[in-house]
Amino acid sequence: MSHLLKRPFGTHGKVHQITPESAGWRYVGFDLIRLRAGESWAESTDEAEIILVMVEGKARIHAAGQDWGELGQRMNVFEKTPPHCLYVPNGQDWSLEATTEATIAICKAPGRGGHQARRIGPDGITLTPRGEGNNTRHINNIAMEAEDYCDSLLVTEVFTPAGNWSSYPSHRHDEDDFPRITYLEETYYHRLNPANGFGIQRVYTDDLSLNETMAVHDGDVVCVPRGHHPCGAPHGFEMYYLNVMAGPRRNWRFVPAPEVEHLM
């Protein structure tokens, strides 16, 4: 199995834990917890800022000294309703109690104390189409460059219809040469509908020194340290992914792969 493909290591509690150390990079962390109704979870952000994304289900959340009440709405991610999220800066404690079965993503990157805790969504997040033909997909921007919510994090959700491609035309963001291109590490948390399906993701550099093609299943995470990273959903299977990106600066600038540049 590719070292870039991370399978969940359980079905309950913390099922993903990707750190900069385990991924072999410097900025992005990603955890995923799955809880039953009535169960609790608590952590400290330490040196990282985080965005808690209620992928599915509901929970009461207390963070940064505030009671944020119950967050969450969709019980299945493929309802495609806007997500309920919470930004928590570095150096803060947070805790939650699941009020239903819940799947919660913990998106992490270095924090510098530049932003206050805040709710993100569902207001202000609109499902937006991108691409054309069988390159069409639909985006829920949670905290991208236009949203000044974070010190480092860039986070978005993408729904790719069955039979379509996504993160395509192939592109890379692996050099720190702003404004031409920015260095951003990235994780993809994948879900499939129906859940017994699969998708395809390729991660490759122009010189093919990195060239991995992976079958991704429901709940898998793909790490993208560098290179281009398109993914595709076979006919009959809808694909969702949650992207987390971070690097030395909070800007998303990319360069297309030479073979697809004419498609941009």
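# Questions on a predicted protein chain

Trainee: What percentage of the residues in the protein chain is buried?
Mentor: The model is a predicted one. The protein chain has 264 residues. Residues count as buried under 20% relative accessible area. The buried share comes to 55%.

Trainee: How many helices and strands does the protein chain have, and what does the globule rule give for its 264 residues?
Mentor: The secondary structure comes to 1 helix and 25 strands. The radius of gyration is 17 Å, close to the value from the globule rule, so the chain is as compact as a globular protein of that length. The value that the rule gives is 18 Å.

Trainee: Which strand gives the most to the largest nonpolar core?
Mentor: The largest nonpolar core has 34 residues. Phe30, Ile51, Val53, Cys107, Ile142 and Leu242 have the most contacts inside this core. The strand that gives the most, with 4 residues, spans residues 238–246 and is E24.

Trainee: How many residues are in the other core, the one with Trp68?
Mentor: This core lies apart from the largest one. Leu35, Trp68, Leu71 and Leu86 are among its residues. Its count is 19 residues.

Trainee: Which residues is Val53 in contact with, leaving aside neighbours within four places in sequence?
Mentor: Val53 is one of the residues with the most contacts inside the largest core. Its contacts include Pro83, His84, Cys85, Thr103, Ile104, Ala105 and Glu157. Also among them are Cys107, Ile142 and Leu242.

Trainee: Where is the proline that follows Gly121 in a cis peptide bond?
Mentor: Most peptide bonds are trans. The bond from Gly121 to Pro122 is cis, with omega near 0 degrees. Pro122 is placed in the loop between strand E11 (118–120) and strand E12 (128–130).

Trainee: Which residue does a cis peptide bond join to Tyr168?
Mentor: Omega of this bond is about 0 degrees. The partner of Tyr168 is found in the loop between strand E15 (165–166) and strand E16 (171–172). That partner is Pro169.

Trainee: Is Ser167 buried or exposed?
Mentor: Ser167 lies in the loop between E15 and E16. Its phi is near 50 degrees, a positive value in a residue other than glycine. With a relative accessible area of 6%, Ser167 is buried.

Trainee: What is the relative accessible area of Lys80?
Mentor: Lys80 is in the loop between strand E7 (66–71) and strand E8 (85–88). Its phi is positive, about 65 degrees, although Lys80 is not a glycine. Lys80 is partly exposed, with a relative accessible area of 26%.

How values were computed
Residues are numbered from 1 along each chain as its sequence is written. This is a predicted model: local features need pLDDT of at least 70, side-chain atom pairs count only at pLDDT 80 or more; totals for chains, interfaces and linings use all residues. Side-chain values use heavy atoms; hydrogens and water are left out. A nonpolar core is a set of buried Ala, Val, Leu, Ile, Met, Phe, Trp, Tyr and Cys residues joined through side-chain atoms within 4.5 Å. Buried means under 20% relative accessible area, exposed over 50%, partly exposed in between (1.4 Å probe, protein chains only). Helices (H or I, at least four residues) and strands (E, at least two) are DSSP runs, numbered from the N terminus. Contact means heavy atoms within 4.5 Å. The radius of gyration is taken over C-alpha atoms; the globule rule is 2.2 Å times the number of residues to the power 0.38.
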